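These are my notebook entries on a structure that I looked through one topic at a time. I set down what I looked up and what I found.

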Amino acid sequence: MSLENLLSEKRSAILSRWYDTILETYPAETAVYLRSQENRFANPVGHSITHGIEAIFDDLMRGLDVERVSPFLDTIIRIRAVQDMTPSQAVSFIFSLKKVIREEIALDAQGDFPWQDLLALESAIDVLAVLSFDIFVKCREKLYDLKANEMRKMTFRLLQRVNTVGDEKEGSPEFATGDIDNDKQKEVPQ
Amino acid sequence: MATKVTTPKPAELAESIKLIPPKTEWMDTPTEIKPGTFCWGAKGKNLGIVEFPNARDWNPSEEDWKLPENWQEIFLKGMKDLLGKYRSFQVFMDICVRCGACADKCHFFIGSGDPKNMPVLRAELLRSVYRNDFTTAGKLLGKLAGGRKLTIDVLKEIWYYLYQCTECRRCSLFCPYGIDTAEITMMGRELMNLLGLNTDWISGPVANCYMKGNHLGLEPHAIMNSIEGMIDDIETITGIRVNPSFNRKGAEILFVTPSGDLFADPGTFTCMGYLMLFHELGIDYTWSTYASEGGNFGFFTSNEMAKRLNSKIYAEAKRLGVKYIIGGECGHMWRVLTQYMDTWNGPADFLDVPVSPITGTRFENAKSTKMIHVTEFTADLIKNGKLKLDPSRNNDLIVTYHDSCNTARGMGLLEEPRYILRNVVNNFHEMPDNTIREQTFCCGSGTGLNASENMELRMRGGLPRANAVKFVKEKHGVNMLANICAIDRATLSASMDYWVPGVRVTGVHELVANALIMKGEKERETNLRGDPLPGKEGN
């Protein structure tokens, strides 16, 4: 049987086990909630994970397309990037897919199992892992940007109050890039 | 001879990475105070200004919180006092049956996945101390009866989670006993305050407000300068120079708004909206540079402090001799005004029941406080056909509305903002039912949690709201999130930036002013933000 057929046959079992391993990364009480609350607005984390891993798995089956799969990785990782997790914890769920697939289709395999195809699939999962790392870093960088921007806005307002920044307005190119030119400030009449 | 190096096996390395959280019970799971989730500690000078006890600089990330030696005694005595003073607190400590109805209703739990953010468990952190020291069962049986001693680690854990609750009261909506977690948080924060364990983001504005009348510490000239700047911008956009008055005795109406509207975009655009509307109506109103803050960060410290900061509003109304007060778009300001001000600093028997000078509508709902919300005032104007509006000026905006927790659950202000929006924009879409009105999700940054250093926490708390915005963005193309709260305007901008890029944030009166056709105005080319109006992009 081809790897594709094996994966199709075991799709729901793989997704279910993959979901379970992801829930294990949350405290037990939280996992109960994530599993039981079906409303997507009452349980955005659970919904993002179930919806996301389905899409990621199906994309692997179709042949990985980075542009197509990235938004689904993003939805899951964006959440984990702000939760109480180390970077490794945040992206580990991708690696657990390898283990789940091996256990579901490969452990008991005998005879002419498509090992070469499985290795290729695992390499594709490795690509997902490095993509996840990129997304995680982008999310963290965004957080630092948000912090820095708020601090900058506050400082800008303080400077404006003591009339050292002159007429530059928030929204002006200088402000938007955070590049308030010091020399220019000096030229502003006091 | 070279030392033999033992290389770990891959399996050993993999096992050293802990991917699974501990399985211990909550009492046995230690809390680690992590950067990104807490606000910096208060500065002693700010606590000293308002004569809060145990004023000192302190840092939550340091081991030593510099507590007074008898801190346990202070905490427990404070708890005893509060239990005696507030019957509700006593009831809330006793009555919870841990049914779990509230557990998954909190935005911080939903977003963080941290069980100690379930409202029931967050309250249990404090309740366990109550059981241990104030109930017979707890005194005798300790942990068996759900009690635990107030140790330094317990104190730190309680503090940590008290500042992960925005007092939004969504959980209380689902509690069969009506336990108000917000009140438990208030009591807890009041106890922390006795130990000087306030945050810089709250105590700074409190000190400013006490000294200068507003959170930002703006002095009269700074307030007037800021509004002058807005007047210039309004003139550029409309050709009309509005002419507000300040501290004018004998005006009919005093207008009070959160100071965030004076200095922080996009609140400033909302403020321009008020200026334009009142000018167009020609009403007899005045700003005050003394009662220059509708918000009340004292509300996040202690009842007494909130009362002290609030007192300036009626005092200024009396000094100026106005007939009644209109308040701007703010959230917790309105919880304070509708539910506390009257009993704290009333009766306002020197004021009249608000009557709109334009429509003659008498606002019976405010006959006690004598203060109405600006959306009540404006909705009444529209209902009576008193405003000329061109909603097509907002046609580039596809708008949804976020109910602020305090105006929705605290005062039932649900219809007026929506009524206004439907009249000033052509594209309006509601978010799903279980995320709006009474069930609205908090912005995630209220009750003085809108600092920058706790950004991870804010993003966790903001997830459920943002998730619903994302849904309407994908379904209807929503690109503007309207609300009537200054903290929302400031903090949802960051939340949208992280979770739903492409959605901006606005106050309702910014959209009103965009649509408002003013007498004698020039043909407008841009909206209040300076963006070209639909159809004028090429100009």
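**Entry 1: the sheet of three strands**

I began with an open sheet in chain B of this predicted model, in which three strands follow the order β5-β6-β7 with parallel pairing. I then looked up its edges, and they are β5 (399-401) and β7 (504-507) of chain B, each of which pairs on one side only. Direction ignored, neighbouring strands of this sheet are turned against each other by 35° on average.

Next I went through the pairings one by one. β5(B) is joined by three bridges to strand β6 of chain B, residues 480-483, and the two run parallel. Within this pair I noted B:T400, which stands opposite B:L481 in β6(B). On the other side, β6(B) and β7(B) run parallel and are joined by four bridges. Here I looked for the partner of B:A482 and found B:T506 in β7(B).

I also asked which elements make a β-α-β unit here, and of which hand. I recorded β6(B), helix α22 (residues 486-499) of chain B and β7(B), which together make a right-handed unit.

**Entry 2: the sheet of four strands**

I turned to a second open sheet of chain B, which has four strands in the order β2-β1-β3-β4 and parallel pairing. Its edge strands are β2 (285-287) and β4 (371-373) of chain B, and each of them pairs on one side only. From one strand to the next, I read an average twist of 30°.

Inside this sheet I followed strand β1 (residues 253-256) and strand β3 (residues 324-327) of chain B, which pair in the parallel sense over four bridges. One residue I marked there is B:V256, opposite which stands B:G327 in β3(B).

I then asked what lies across β1, β2 and β3 of chain B. The element I found is helix α15 (residues 303-320) of chain B, and it runs at about 150° to β1(B).

**Entry 3: chain B as a whole**

I stepped back to the whole of chain B and counted its secondary structure as 23 helices and seven strands. Its C-alpha atoms fill a box of roughly 90 × 60 × 50 Å along the principal axes.

I wished to know how the radius of gyration of chain B stands against that of a compact globule. A compact globule of 539 residues would have a radius near 24 Å; chain B has 25 Å, and therefore the two agree.

**Entry 4: backbone details in chain B**

I looked up the cis peptide bonds next. One joins B:D265 and B:P266, with omega at about 5°. I located B:P266 in the loop between α13 (260-263) and α14 (267-281) of chain B. Another cis peptide bond joins B:G346 and B:P347, and its omega is about 0°. B:P347 has its place in the loop between α17 (341-345) and β4 of chain B.

I also noted B:R169, which has a positive phi of about 70° although it is not a glycine. This residue lies in the loop between α8 (152-162) and α9 (170-174) of chain B.

**Entry 5: where the two chains meet**

I asked how many residues of chain A are in contact with chain B. The answer is 30 residues of chain A, in contact with 31 residues of chain B. On the side of chain A that touches chain B, at least two residues each are supplied by α3 (28-36), α4 (44-62), α6 (87-106) and α7 (115-161) of chain A. The largest share, eight residues, comes from α7(A). By kind, I sorted the residues of this side of chain A into 13 nonpolar, eight polar and nine charged.

**Entry 6: confidence of the prediction**

I closed with the confidence scores, and the model as a whole has an ipTM of 0.93 and a pTM of 0.93. For chain B the average pLDDT is 95, and 98% of the residues score at least 70. For chain A the mean pLDDT is 85, with 82% of the residues reaching 70 or more.

Within chain A, I looked up where confidence is lowest and where it is highest. The lowest is helix α9 (residues 182-187) of chain A, at a mean of 34, and the highest is helix α5 (residues 66-80) of chain A, at 97. Over residues 168-190 of chain A, pLDDT stays under 50, and for this stretch the model has 21 contacts beyond four places in sequence.

Notes:
Residues numbered from 1 in each chain as written. Chains lettered and ligands numbered in written order. Predicted model: local features only at pLDDT ≥ 70, side-chain atom pairs only at ≥ 80, totals over all residues. pLDDT = per-residue confidence, 0-100. Pairing = 2+ DSSP bridges. Axes fitted to C-alpha atoms, helices over the stretch in contact; angles between N-to-C directions. Contact = placed C-beta atoms within 7 Å. Nonpolar A, V, L, I, M, F, W, Y, C, P; charged D, E, K, R; others polar. Right-handed = clockwise from strand over helix to strand, strands pointing away. Rg over C-alpha atoms; globule rule 2.2 N^0.38 Å.
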